[in-house]
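Q: Please take a close look at a single part of the structure shown here, and then place that part within the rest of the chain. Which features deserve attention along the way?

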Amino acid sequence: SSKDASGGGGDGSEGNPDGGGPSKSTSKNKTAAPLTLEETPFGARAMTVLPKIENEVLIGARRGLNRWFLAMRSGGDGAKAGRAVLRRCANSMAVGPGHLGLGGDIPSSYMMRAKTADNWISRVNQNGRVARAVRVGYWFERDAKKEIERLQGLGGPGVERRAEAFAAAFGWYRCWSERDSLLVDPSDLDIQQSSYYQGLDRSGHGLGGSRHGQSRQQRGRTLGFRAKESAGTRSLSRGRAPELVVGQRASGSGGLNNSSHGPAGVSEHGPMMTGSGAASAHGASSVGGGGSQHGVKGKTVGGRSHSPWATLLTPAVLFEDAPTRKDDDAKLFGLPESVHPVRRAESAFALLGKSEEFCAYYEQNRFGDTKINTDGDNDDTRSSLSSLTGDDVSVGTDRVFFAKSLPHLCSSVVGFSAVEASLELGNFADDEDDNKNDDTPASKKPPTNETSAGRFRDSSEKYERALVSELGNLLRRRSLGASLAELARASYLLAAFRSALKIVHPSSTTRRSDKELLAMDVDIIMTALKVTQDEQLKATKAIVLGDRKEPLMVRLSDVNIGGDKKKGGKNKIPDEEVVGMPFGLNDLRQKPSSAEDKQFGGGGNTSQFDQYHTFSASVPMVIRSIHARAIACASMALNQQELGQVFATKKGSGAAGYVFDCVEECVNVAAVSIRETDSFAVDEMSVDQAVQVSANITALQHALPRLFGTLMRGMCHIGLIRVDQLEDTFQYADQTLKGADKTCDKEVRSMYGIVYEICRKKIDTLINFSLANFQWVAKSARDIPNAYAESLIEYMRATFRSLGPMDEGSRYGLHFSCCGHVAERLVKLLADSPHSERTSDDHDALAPISRIDAYGLKNLSIDVAEFERFAEGTGVPQLSECFNEIKCLTTAMVDPDLPKILLPENASFRRRKYPFLALDKVGNILEKYVGAGGLLGGKVLGRSDILVLDKKELSGLLKLCRQQQ
């Protein structure tokens, strides 16, 4: 029983889990819980190391991203790629579709355009002056061939050929020598160093007026790396603005400090850059082709000299031979691979679950803006361009902006768009792929960068729009202080800039508003007209101040040109333009009459080597400057059209009408400047100079129709005029030509008055000096004229000899004015009453004669006869009639039949014999009459041709005169 009991107890204790004995379940509950990875020694070590590894990964990603930011901004990688794109776009635009652009293949492109323009012009109605003048001086089979041959020798297609073809289309090389300076950029006038041009008035755009090319002592701003702002460091650092010295390149391969002009400028144009940066530095040549070699070489870029027109119309950054071309192309082609730091950083942040932090960091440093001080006060403005480029866009003069800043800003914005397009590669979300993945749970989708890419795209487009908008606003503000050359280059640069944006980043929504953001403004053409007018005024003053006011001698090579019209008359082939003397200037030659030659000892056989033009050396230069400015204005208008600006159609063909407005304004200010520059002091001007000024304005007016015709042909050639608006454009050209003619006529009339005023004052001075103490009671008769008459005749002879440059009408008019004034003064001296009130005009004149006798009247009649002989010898028809009144008075007063003639019943006979005899004047002379002793019966010492009156007869005749008044 004990055994059973013990056995039963044992079994019971084993089966009872609540028993005191040990069991398997009890032993399991007492086993320790499993350790986590963090509780293991390896886990504890990992928890210490992993944060450091994660921090190192993030720091490495940030460091690579920061270096990329610096390379894009301060290093200029983005600007380098942008320059390459701008250069390629400008070249493609110049070549044109099918290589038929202005800078395309020769001869096909130029021949096609020239023939099309010639066909259009041949169908125009010939009623207008411009329509008739456009055919003069040009023949397609002759001139187009010469222009094509010249263009073929200038190198391959591209922007330089475009500029040269543009100038050739407007007849520049048919009218002027290649050595002639363009006289468009203000710096063209600054390089005239000869004594002939010591009086040039330098404009504010030259070295004396602008600070471009000189060291600036004011402090500028250089924007630092924006990523350091989060670390509490300064984003702006102060520094000196670089000196812009030609031939010395600042440090750094990008940014505003990078010069794209090469190092060859010092020996060519002096140690400092003058004018407007990329402006031409052509020398001013002498009239007719001689000139400085600056006009041939133009500007040196990359070791090669570009033509003057290519330098004037094309920004230096667009030339294919730029010194940085290879480096720029390498940056552009390597752009897709250069964005790997951004990809690496994005992946690293996404792997660590910090995509939002990456997005915030990237947007802060890539799409931010910077405070700049635009007005020099404490009001700061946010600038996206300054953040992108690292330079303060508010500093620098207008010259520096257009020469350096604007090309760099355009390149940087294009580079930004190219980088953004590279970052979008592989991140475009396809709608079909989105539809396929819609059913996949988000937890099972692989991690991608689509979220951040979409967010970056929105921020990028917003930032790009801000960049383009700020660039447009900045250009509009700076254009107010720009020169015409700078506006033309800026328009060309912006046209290439807009095309480049379309090519590098066409998917951006900002492309829809580029036209509105980049168009300078609706009044940009009016701004250009105002600038052109001011520059033409300064240029004309500078040219005229250096002129010697002497007629230009006909060149030996041009002596026989223009006189032979047989070729043009038979074959109807217009004569080609005379280089250096275009638009009919070569035909304006002095042609004195044979009577004048005999009077002045010439004999009428002037040698051909003594031929002179009617104008002086300044006229061709003024016309050349107007011609060149019209071409530059047409280039700007064409670029604005390509940029998308729409011009008003009320002026013919829109943009073409504004070009003619430009020419009209240039002619107006040139004519006014020619007159005002030399007529400010009439007392100091000689008759020769005044006559020459008048002849210069007349020569300018003579050249206008053919100048307008040449410009019209050029605008038809380049496509600035549509065929459906051709007639309207010709009509508007006639209107502007008429307005320019009116201005020239007004200035010619003004100069005619000045010439007459000078002659009148000199004649008055001679009369006052010679007759101040003259004894009119002579008491004896003379056989020769008095000395005062001879001096007056000699002065008028010399004056009339200097009127050769004037046209025939003005020359004859001055003959009559001078002789008439002499006769009028003599009549007043003789016939006015000594007691009459004197007018303001007679304040400085001599008082009328108070006493005169028969001998004095007889001697005066001899003087009048000498004046008549002189007038007849000048060859001017009816000039001697100016002295009819004084002749009638002196002849009648010594006529023995005077008592009978004065009787009332003989009035008709008196009027027939002495038609200009006035009884009131006869009465005044009788009041001054002094009798002489020894008189008897009207005879004087046996002479019966002189009437001598006694007191009784004198009182009787005086009474008859007073009764008949």
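A: A residue counts as buried when its relative accessible area is under 20%, and as exposed when that area is over 50%. The model discussed here is predicted. With a relative accessible area of 4%, C89 falls under the first cut-off and is therefore buried. Helix 4, which covers residues 77–95, is the part examined first.

The axis of helix 4 comes within 8 Å of the axis of helix 14 (residues 325–333), and the two cross at roughly 105°. Angles of 65 to 115 degrees count as roughly perpendicular, so helix 4 and helix 14 are described as roughly perpendicular to each other. On the side of helix 4, the contact is made by D77, K80, A81, R83, A84, V85, R87 and R88; their counterparts in helix 14 are R325, D327, D328, D329, K331, L332 and F333. Sorted by class, this contact comprises 10 charged and 5 nonpolar residues, with no polar ones.

Beyond helix 4, the chain continues into a loop that leads to helix 5 (108–122), and P107 is found in that loop. The peptide bond from I106 to P107 is cis, with an omega near 15°.

Cysteines raise a separate point. A disulfide is a covalent bond between the sulfur atoms of two cysteines. With a pair of cysteine sulfur atoms required to lie within 2.5 Å, the count of disulfides comes to 0. C961 has a relative accessible area of 1%, which means that it is buried.

Two loop residues have unusual backbone angles for discussion. K549, in the loop between helix 24 (524–545) and helix 25 (566–571), has a positive phi of about 60° although it is not a glycine. Its relative accessible area is 11%, so K549 is buried. F583 is found in the loop that joins helix 25 to helix 26 (594–600). Phi of F583 is likewise positive, near 60°, in a residue other than glycine. F583 has a relative accessible area of 0% and is therefore buried.

Further along the chain, S833 occupies the loop between helix 32 (808–831) and helix 33 (854–873). S833 counts as buried because its relative accessibility is 17%. Apart from neighbours within four places in sequence, S833 is in contact with P848, N924 and E927.

Helix 34 (residues 884–893) is largely enclosed by the rest of the structure, because 7 of its 10 residues are buried. The buried residues of helix 34 are N884, I886, C888, L889, T890, A892 and M893. They pack against helix 32, helix 33, helix 35 (898–901) and helix 37 (919–928).

The chain as a whole supplies the setting for these parts. It has 38 helices and 6 strands, and 53% of its 965 residues count as buried. Among contacts between residues at least 6 apart in sequence, 79% join residues at least 24 apart. The accessible surface of the chain comes to about 43500 Å², and carbon and sulfur atoms account for 51% of it.

Technical notes: Residues are numbered from 1 along each chain as its sequence is written. This is a predicted model: local features need pLDDT of at least 70, side-chain atom pairs count only at pLDDT 80 or more; totals for chains, interfaces and linings use all residues. Side-chain values use heavy atoms; hydrogens and water are left out. Axes are lines fitted to C-alpha atoms, for helices over the stretch in contact, and angles run from 0 to 180 degrees between N-to-C directions. Helices (H or I, at least four residues) and strands (E, at least two) are DSSP runs, numbered from the N terminus. Angles under 35 degrees count as roughly parallel, over 145 as roughly antiparallel, 65 to 115 as roughly perpendicular and the rest as oblique. Contact means heavy atoms within 4.5 Å. Ala, Val, Leu, Ile, Met, Phe, Trp, Tyr, Cys and Pro count as nonpolar, Asp, Glu, Lys and Arg as charged, and the others, Gly among them, as polar. Buried means under 20% relative accessible area, exposed over 50%, partly exposed in between (1.4 Å probe, protein chains only). Accessible areas come from the Shrake-Rupley method with a 1.4 Å probe; for residues, only the protein chains shown count as cover.
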